Amino acid sequence: MALYVTAAQILERVEMKQGALKTLVYDSKFANIKQLFALVCGAHKFSSILQQIIESTRLLKQSKLKMPLAKVLVYDLLMGRGLKCGGSWKALLMKHRSRLQAELARMKVKHKVSRNEDLLPSSVQQPDGDQLPRYVRVNTLKTTVEDAVDYLKRDGFSYLGEASKLDDLTLKAREFVRDLHLPELLVFSPKMDFHNHFLYKAGHIILQDKASCLPAFLLKAPPGSHVIDACAAPGNKTSHLAAIMNNKGKLFAFDLDAKRLATMSTLLLRAGVTCQQLAHQDFLKVDPESQQYKDVEYILLDPSCSGSGMVCLRDNTSSVDRLASLASFQLRCLNHGLRFPRLKRLSYSTCSVHRQENEDVVAAALQQNPSFRLVPLLAQWPERGLQPFTQCLRASVTRTHTHGFFVALLEKHRDGGSQTQEPTVQMSDIQVTPSSPPACQRRSAESSEEAAETEDTPTPAAGQMETTPGRKKRRKRKKKKKVAAAVEEEAP
């Protein structure tokens with residue numbers, strides 16, 4: 001019964017826009033996070049359908065159930081894997097089961113469909129074959145890709161080599177390949193579950209979506225560097241940064257949520273991360289001028305977002321006001337990150353499909369911080385940022401076989417800021433206001449993978465000219481003479 005009580009509480013908060021689904025699930029500390037996440041995702045996805053069924057059958061009037069609890073129970077009864085409870089709730093649902101099933105059948109007949117999925121709005125539907133592969137990032141702090149592959153082959157999996165095209169990621173049960181973009185990423189069939197596998201429990205592999213591996217991979221923080229993970233929990237990107245750094249240097253990880261930070265600490269311990277310094281702190285309140293962060297050269301910023309790119313939340317229904325509030329917060333975080341004096345590179349990412357949270361935020365930051373420019377990323381990646389920001393990457397179910405995602409890499413100019421970012425665009429209004437979502441809490445789909453190269457050949461600064469010291473001095477003397485002459489002419 002605890003499963004349904006917890007799921008109902010989370011569903012109610014998600015639908016009231018009081019938190020992100022994944023964040024709330026992990027914060028619950030429920031014993032079986034995977035089971036809870038699947039239940040809440042399913043109930044949220046079919047929420048409008050479930051409400052129609054419940055209202056048509058007058059279930060609430062004939063019971064003492066509240067709508068959120070009724071939704072999760074009816075979802076499991078009609079669309080999930082069956083009720084996982086006993087007692088009065090099961091007796092109640094079994095009593096009304098035939099009426100609930102009949103109402104669902106009537107809805108299908110009315111809409112001339114045969115599948116539950118087809119009752120959903122087109123923006124939420126998941127087409128046939130649209131299941132995402134299972135991505136597994138090899139944790140190089142504990143093993144190598146070659147050793148992981150050998151272990152899996154001995155465990156009965158069939159290794160098909162390195163993928164050369166996206167179609168190679170369509171796999172049968174127990175088949176796997178090495179990803180074509182991220183060399184430390186292995187790809188399996190969608191229904192493959194590793195939560196009870198030895199490699200997962202030992203921290204040798206991390207379950208992380210391919211798109212969410214891009215920020216750390218593209219940032220390329222070298223071993224020995226000082227790095228900030230600004231909105232770190234639940235910690236998969238943090239462990240990825242540590243692996244790329246080979247546990248050498250300092251990795252400062254901030255998050256405002258103490259519970260998520262505690263969960264993250266456990267994850268990092270299992271992954272063998274030792275270079276981290278965790279802080280229960282709002283990144284926006286971190287002082288860039290502090291001596292503690294004087295050597296920070298790389299920042300990974302993955303702030304709160306609408307989560308509209310997550311497969312189980314694909315609804316595109318975020319309100320204009322909510323997107324504006326999120327974009328304002330994201331811009332504040334990005335501007336704050338760019339203030340660190342020795343910063344070389346910053347990766348900005350979201351699991352959102354909305355331009356307001358992605359290209360528009362980056363455009364505003366570049367206009368307000370002219371000493372930074374975009375780095376062109378992965379020429380072979382199939383989906384680019386919206387025009388004119390094609391240096392950035394986007395990801396989607398159909399184009400990249402991942403959750404929806406956005407990544408931009410900002411780099412400081414060598415000339416310290418004489419260049420302005422081109423081209424400029426007309427942006428939707430993004431205002432930096434005092435009120436913003438509470439710190440950097442996240443929901444994004446976190447599952448592993450990695451590889452590919454960053455095309456970071458610097459382009460010359462616009463209008464930059466080579467001058468010798470002698471020429472500069474002569475120009476200054478001429479300018480002074482002109483000013484003096486002008487003053488004399490204007491004197492009474």
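**Briefing: a buried loop residue, a buried helix and unusual backbone geometry**

Asn139 is in contact with Gly203, His204, Ile205, Ile206, Ala243 and Ala271, leaving aside residues up to four places away in sequence. The structure is a predicted model. Asn139 sits in the loop that runs between strand 1 (134-138) and helix 7 (145-154). Its relative accessibility is 1%, and because buried means under 20%, Asn139 counts as buried. The points below cover helix 5, its packing with helix 4, the loop before helix 5, and backbone exceptions.

**Helix 5**

- Helix 5 covers residues 67-78, and its 12 residues should span 16 Å at 1.5 Å a residue. The C-alpha atoms at its ends are 16 Å apart, which agrees with that expectation.
- Of the 12 residues in helix 5, 12 are buried, so the helix is largely enclosed by the rest of the structure.
- The buried residues of helix 5 include the charged Lys71 and Asp76. Also among them are Met67, Pro68, Leu69, Ala70, Val72 and Leu73, as well as Val74, Tyr75, Leu77 and Leu78.
- Four helices pack against the buried residues of helix 5: helix 1 (2-15), helix 3 (33-45), helix 4 (47-56) and helix 6 (87-111).

**Packing of helix 4 with helix 5**

- Two packed helices are described by the angle between their axes and the distance between the axes.
- For helix 4 and helix 5, the angle is about 100° and the axes are 9 Å apart. Angles of 65 to 115 degrees count as roughly perpendicular, and the two helices are therefore placed in that class.
- On the helix 4 side, the contact is made by Ser47, Leu50, Gln51, Ile53, Ile54 and Glu55. On the helix 5 side, these meet Met67, Ala70, Lys71, Val74, Tyr75 and Leu78.
- Sorted by class, the contact between helix 4 and helix 5 has 8 nonpolar, 2 polar and 2 charged residues.

**The loop before helix 5**

- Leu65 belongs to the loop between helix 4 and helix 5.
- With a relative accessibility of 10%, Leu65 falls under the 20% limit and therefore counts as buried.
- Leu65 touches Leu60, Ala70, Leu73, Trp89, Leu92 and Leu93, with residues up to four places away in sequence not counted.
- Leu65 and Trp89 are separated by 24 residues in sequence, and their C-alpha atoms are 9.1 Å apart in space.

**Cis peptide bonds**

- Most residues other than glycine have a negative phi, and most peptide bonds are trans. The residues in this group and the next depart from that pattern.
- Ala233 and Pro234 are joined by a cis peptide bond with omega of about 10°. Pro234 is in the loop between strand 6 (226-229) and helix 10 (236-244).
- A cis peptide bond also runs from Gln387 to Pro388, where omega is near 5°. Pro388 is part of the loop between strand 11 (372-374) and strand 12 (393-395).

**Positive phi**

- Asn246 is not a glycine, yet its phi is positive, at about 60°. The residue lies in the loop between helix 10 and strand 7 (250-255).
- Asn246 has a relative accessible area of 39%, and it is classed as partly exposed because that value is between 20% and 50%.
- Asn247 also has a positive phi without being a glycine, with a value of about 65°. Asn247 is likewise found in the loop between helix 10 and strand 7.

How values were computed
Residues numbered from 1 in each chain as written. Predicted model: local features only at pLDDT ≥ 70, side-chain atom pairs only at ≥ 80, totals over all residues. Heavy atoms only, no water. Buried < 20%, exposed > 50% of the residue type's maximum accessible area, 1.4 Å probe, protein only. Expected span 1.5 Å × (residues − 1). Contact = heavy atoms within 4.5 Å. Axes fitted to C-alpha atoms, helices over the stretch in contact; angles between N-to-C directions. Parallel < 35°, antiparallel > 145°, perpendicular 65-115°, else oblique.
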